[in-house]
Amino acid sequence: MNDAPKNSPNTKPKTDQSDDQGADKNANRSADQLFQHVDFLLGAAAAHQFPDDQLPEIAFAGRSNVGKSSALNALCRRRKLARTSKVPGRTQEINFFNLGAAGEPKARLVDLPGYGFAQVPLSVKEKWQKNIHHYLSKRSNLLILVLLMDIRHPLTDLDKQMLDWASESNLPTQILLTKSDKFKRGKIKQVCAQVETEIERLPGQFAVEPFSVHNVEAVSLIRRQIAEWLT
Ligand SMILES: Nc1nc2c(ncn2[C@@H]2O[C@H](COP(=O)(O)OP(=O)(O)O)[C@@H](O)[C@H]2O)c(=O)[nH]1
Ligand SMILES: [Mg+2]
């Protein structure tokens with residue numbers, strides 16, 4: 001078909017490439033600025049403790065051990081911003097981090113408690129789920145959900161539950177398939193396609209990207225993506 005709009009990616013003339021590179025550099029710069037200052041604000045065990053201003057929030061969720069703390073640390077270039085731990089299921093609070101210089105934060109990263117850890121009593125698990133659902137469905141300044149799933153076993157029952165909640169709340173969701181360094185390129189593509197097929201059945205805005213903390217490009221892509229969402 002030849003009637004695509006002039007500025008669609010498919011019809012862009014090759015001579016635009018240097019402009020693209022310039023735009024990429026600018027995007028990287030503003031993403032770097034955004035992530036230059038990241039400060040822990042508070043941990044909330046209940047909704048009444050959530051910050052009560054309207055700063056846009058980007059929430060990170062996933063089963064425990066999926067690599068959520070590692071991803072947050074990589075995005076923020078911090079070694080210990082979010083606790084990386086080999087003992088999963090420890091963090092039960094919703095942790096809020098301010099993005100942007102002290103006194104004038106631009107947005108917030110929100111670290112939701114990891115779910116699905118087997119050795120936690122059912123009553124505690126149910127409480128976590130309730131808290132997460134409450135946050136996702138009621139938080140009016142929540143802009144985007146970043147849902148992390150291990151590329152080796154994506155779409156667990158609880159992941160699907162999260163996707164359903166995001167869909168119900170009409171919450172745009174970026175899926176990151178973590179630890180993609182464990183797979184070769186062909187297999188990464190295959191799992192991405194499999195996850196895309198699964199989410200096609202859901203109404204809403206969903207996107208899928210492979211992610212690894214060991215892949216500098218993947219980390220900076222997501223950093224850039226977050227900066228773009230906030231503009
Ligand atoms: N190979 C690989 N391992 C990772 C990656 N991200 C996290 N991990 C490891 O996965 C385990 C759990 O990571 P962590 O960030 O604590 O997971 P969380 O429970 O979701 O916060 C740790 O041993 C990490 O070193 C990744 O991108 N690649
Ligand atoms: Mg963690």
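Here are some numbered notes on this predicted model, going from the overall layout to a few single residues.

1. Let's start with the parts list. The protein has six helices and seven strands. If you walk along the sequence, you meet them in the pattern α-β-β-α-β-β-α-β-α-β-α-β-α. Try tracing that pattern on the structure before reading on.

2. How much of the protein is buried? Of its 231 residues, 33% count as buried. Now look at who touches whom: among contacts with a separation of 6 or more, 74% are between residues 24 or more positions apart. So don't expect to follow this fold by looking at sequence neighbours alone: those 74% link residues at least 24 positions from each other.3. Next comes the sheet. Seven strands form an open sheet in the order E1-E3-E4-E2-E5-E6-E7, and the pairing is mixed. Which strands sit at the edges? Those are E1 (38-44) and E7 (206-210), each of which pairs on one side only. On average, neighbouring strands of this sheet are turned by 20° against each other, direction ignored. As background, strands of a sheet pair through backbone hydrogen bonds, either parallel or antiparallel.

4. Strand E3 (residues 94-99) is a good place to practise reading pairings. With E1, strand E3 runs antiparallel, and six bridges join the two. One of the matches to look for is Ala 44, whose bridge partner in E3 is Ile 94. Strand E3 also runs antiparallel to strand E4 (residues 107-111), this time with five bridges. Here Asn 95 stands opposite Asp 111 in E4, and Asn 98 has Arg 108 as its bridge partner in E4.

5. Why is E3 largely enclosed by the rest of the structure? Six of the six residues of E3 are buried, so the strand is largely enclosed. You can check this one face at a time. Ile 94, Phe 96 and Asn 98 lie on one side, while Asn 95, Phe 97 and Leu 99 lie on the other, and all of them are buried. In other words, both faces of E3 are covered.

6. Now for the ligand. How many residues surround ligand 1? There are 20 of them, and the closest are Gly 67, Lys 68, Ser 69, Ser 70 and Ser 212. Helix H2 (residues 68-75) gives the largest share of this shell, with three residues. Sorted by character, the shell around ligand 1 has twelve polar residues, five charged and three nonpolar.

7. Helix H6 (residues 216-229) is handy for a quick geometry check. Its 14 residues reach 20 Å from the first C-alpha to the last, close to the 20 Å expected at 1.5 Å a residue. The buried residues in H6 are Ala 218, Arg 223, Ile 226 and Ala 227. Notice that a charged residue, Arg 223, is on that list.

8. Last, two asparagines have a backbone angle to look at. Asn 65 has phi near 80°, a positive value in a residue other than glycine. Asn 65 belongs to the loop between strand E2 (57-62) and H2. Is Asn 65 buried or partly exposed? With 18 other C-beta atoms within 10 Å, Asn 65 is partly exposed.

9. The other one is Asn 170, where phi is near 55°, again a positive value in a residue other than glycine. Look for Asn 170 in the loop between helix H4 (157-168) and strand E6 (173-178). Asn 170 is exposed, because 9 other C-beta atoms lie within 10 Å and a residue with 12 or fewer counts as exposed.

Conventions. Residues are numbered from 1 along each chain as its sequence is written. Chains are lettered from A and ligands numbered from 1 in the order in which they are written. This is a predicted model: local features need pLDDT of at least 70, side-chain atom pairs count only at pLDDT 80 or more; totals for chains, interfaces and linings use all residues. A residue is near a molecule or strand if its C-beta atom, placed from the backbone, lies within 6 Å of it. Helices (H or I, at least four residues) and strands (E, at least two) are DSSP runs, numbered from the N terminus. The expected span of a helix is 1.5 Å times one less than its number of residues. A residue is buried if 20 or more other C-beta atoms lie within 10 Å of its own, exposed if 12 or fewer, and partly exposed in between; C-beta atoms are placed from the backbone. Two strands pair if DSSP finds at least two bridges between them. Axes are lines fitted to C-alpha atoms, for helices over the stretch in contact, and angles run from 0 to 180 degrees between N-to-C directions. Two residues are in contact if their C-beta atoms, placed from the backbone, lie within 7 Å.
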